[in-house]
Amino acid sequence: MLEHVPALQVALPLVAAPLIVLVRSRRFAWLATTVVSYLCLLFSIQLAWRVAASGPVSYAIGSWPPPWGIEYRVDALSAFVLVAVSLTASFVAPYAQRSIAVEVARDRQYLMYAMYCLSLAGLLGIVITGDAFNLFVFLEISSLASYVLVALGQRRQALMAAYQYMLMGTVGATFYVIGVGLLYLMTGTLNLVDMAERLRAVEDARPVLVALAFITVGMGLKLALFPLHHWLPNAYAYAPSMATAFLAATGTKVSVYVLLRYYFTVFDPVPLFSHLPTEEVFVALSVAAMIVASFIAVFEKDVKRLFAWSSVAQIGYITLGIGVDNQSSLTGSIVHLLNHGVTKGAIFLLLGGVALRAGLAALPLRSLAGLGRRMPLTAFGLVIAGLSLVGVPGTAGFITKWYLVLGALERGWWWLVAAIVGSSLIAVAYVWRVVEAMYLHPGDAGAPHRREAPPAMLAAAGAMVLLCVYFGFETGFSVGGAADAAAFLLRGLR
Amino acid sequence: MTGDLVLRIVAKLLMPFMLLFALYVQFHGDYGPGGGFQAGVIAATAIVFYAITFGLAAAQRMVPERLVERLLAVGVLLYAGVGFAGLALGGNYLDYFVLDPDSVHGQHRGIFWVEAGVGITVAAVMLKLFYMFAGRGRDAGDA
Amino acid sequence: MSTVAGHYSYWMTIVLIVAGMYILIARGNLMKKLLGLAVLQSSVYLLYIAPAKLLGGTAPIVAQGYTVYSNPLPHVLILTAIVVGVATLALGLAMVVRIREAYGSIEEDEILARDRADDDRAPDGAR
């Protein structure tokens, strides 16, 4: 059974969804979701172990040997992202029970769990597959499920947010599949590794470069790369809390994985970084994201939207690593997939608890007033996660920025170091606004006394906050895995 | 619509042929254009035709919404079940070679059941979509 | 001239992509945007299937007396892509129906105006 883990990793959440629809009970739905999330975590850890011990794992679906059949391929990068995604899922799943019970209509709750399982299956499938078109199928599975997750938000703005997310996301996926089509026409294969081999012969043909452009823009829409980020603030602000936490921690990160996979594995024979302005474009867009999005976050009045803009900025850090293109910066990029996932996941889980206790559908800044007294643990968790966003030493965010700065220094780009530090200072501004509201503004006179979020929710969120700190000190897995992945990517196919 | 005699009689005559055609398309996917997706849509179309001619309530009496939702899930589980059968019989996931001692016949079997699952799900999805959209028009009201 | 005639399907693909994107971006009506999306997706079908036909190739079903068959793989890929497109369209239409029920309009500018009015009235989501 152990050798079939790559297939089970995707098949299990994929089977959980129709089972939930069949059984229709909310209890069963939550139970199935939680069990499946934990099993996925176990599977991904097992795969990461195998890959670290003996190199990439290959699994032929249907026993058709690659490159004719669809191959599931786990290497250093996929293993890392698999663990990051399933880790988030295993924290969000137990959190979901109380959160969904309050935020979603009763007769739709089991459907929300089914969508969550489908989204998880899709995300895991994207990371584990080694076939370009299979990637598109999983991309659309996870995306369509995400659109539904966002649309189930309480306020009617959620519908419009989901609609715009859907439009932009589908355009992104369509561009991706156009790129894959062009690559298929040029190489005759859909297997990613085989495609890379065959691209050697046609590396300077124009369709290949056009395919690169389409794939970049397509995935750029999915990962909310500046200026293709328009859907993100609304989608995160109006979605149910559990959906926001899950999507913020996983959706965009998996799209970054796809970009990394194409840039470093598939297009390895094509001299992307030397003959094309890849570095300039990525660095420019990333710096724009880091600075502009952080700036906008400072002036946001709604807390969820504030942190959504913060996400756009943090994604800028991730893509910055691609632009700087050396071992250190790429390590920073990849480790931020995990670090930011944990940080943002913690923040949105905590905010969900605040919303539940306050009975609000939206969280303007003043609803946080007096939180330090009303929900001290939650407020403290938000402070720590906020510090991780800024990149204070001792938190996960600092590790990322350390490696990004290291990478910039290795290229001698002092101005980039200044940009990274500058955007972190702007992050201090918006985190301070939240901290100020929580601790320095007195709550309403008739505000309820101290009452934390329900234990399951608080425990899940608290565990994620602890991870923020843990990954700031104990970097064996996070940086070790990321460094292995970065080295693997930079090595290419040699 | 319900008052039109010619339409009702022709609909009653045509429906079985539409369903038969759906089954034909379903099982002849190996030898000609066809397969699960197409067959599912044609089957759903037959029932939508019935609903348009005799009214949504009549169609929902014939094919209840709960049943449709269950069929949706059953189809997907059938597909996944074939995958797990491959695992149980010693092959990889979705391995058709091991489904029969003769591996070519095994492929045939695998494709048959997988397409059956797809056909059931697609028909159920199309029908559910129709039920949801058609059932909404009246009580929505113009805001 | 042979560039146009020989690559006719690719030219049509480009026309469809641009037309689809234009409708999606320029039209404010939510239904029309969905139609633009559908046009964009049909360009993908054309991109994959047109090159699948090999000159002198017959339908990709094993038959006596034929040695050259058209490539069946793009057909399978596009079958999946069409289903994805249908699912997206269905989801989009369902959202439009609910937006219509919630806002009373499916014109984007009216909806955004109503949202802005909502925000000005009650920023904490109270209705």
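**Exercises on chain A and its contact with chain C**

In this predicted model, chain A has a mean pLDDT of 91, with 99% of its residues at 70 or more.

**Exercise 1.** Find where in chain A confidence is lowest and where it is highest.

Solution. The low end is helix 11 (residues 272-275) of chain A, with a mean of 81. The high end is helix 5 (residues 132-151) of chain A, at 96.

**Exercise 2.** Check whether the length of helix 1 (residues 5-23) of chain A agrees with its number of residues.

Solution. Step one: the helix has 19 residues, and the expected span is 1.5 Å times one less than that number, so helix 1 of chain A should span 27 Å. Step two: its end C-alpha atoms lie 26 Å apart, which agrees.

**Exercise 3.** Describe the course and the surroundings of helix 1 of chain A: where is the kink, how many residues are buried, and what follows the helix?

Solution. The kink, of about 30°, is at Ala11(A), shortly before the proline Pro13(A). Of the 19 residues in helix 1 of chain A, 14 are buried, leaving the helix mostly covered. After the helix comes Arg24(A), which has a positive phi, near 70°.

**Exercise 4.** Work out which parts of chain C touch chain A.

Solution. Start with the count: 28 residues of chain C contact 29 residues of chain A. Next, the elements of chain C giving two or more residues to this side are helix 3 (30-49), helix 4 (73-103) and helix 5 (108-121). Helix 4 of chain C gives the most, with 13 residues. Finally, sort this side of chain C by class: 19 residues are nonpolar, five polar and four charged.

Key:
Residues numbered from 1 in each chain as written. Chains lettered and ligands numbered in written order. Predicted model: local features only at pLDDT ≥ 70, side-chain atom pairs only at ≥ 80, totals over all residues. Contact = placed C-beta atoms within 7 Å. Helix = DSSP H or I, 4+ residues; strand = E, 2+ residues; numbered from the N terminus. Nonpolar A, V, L, I, M, F, W, Y, C, P; charged D, E, K, R; others polar. Bend = angle between axes of the 7 residues up to and from the residue. Buried ≥ 20, exposed ≤ 12 C-beta atoms within 10 Å, placed from the backbone. pLDDT = per-residue confidence, 0-100.
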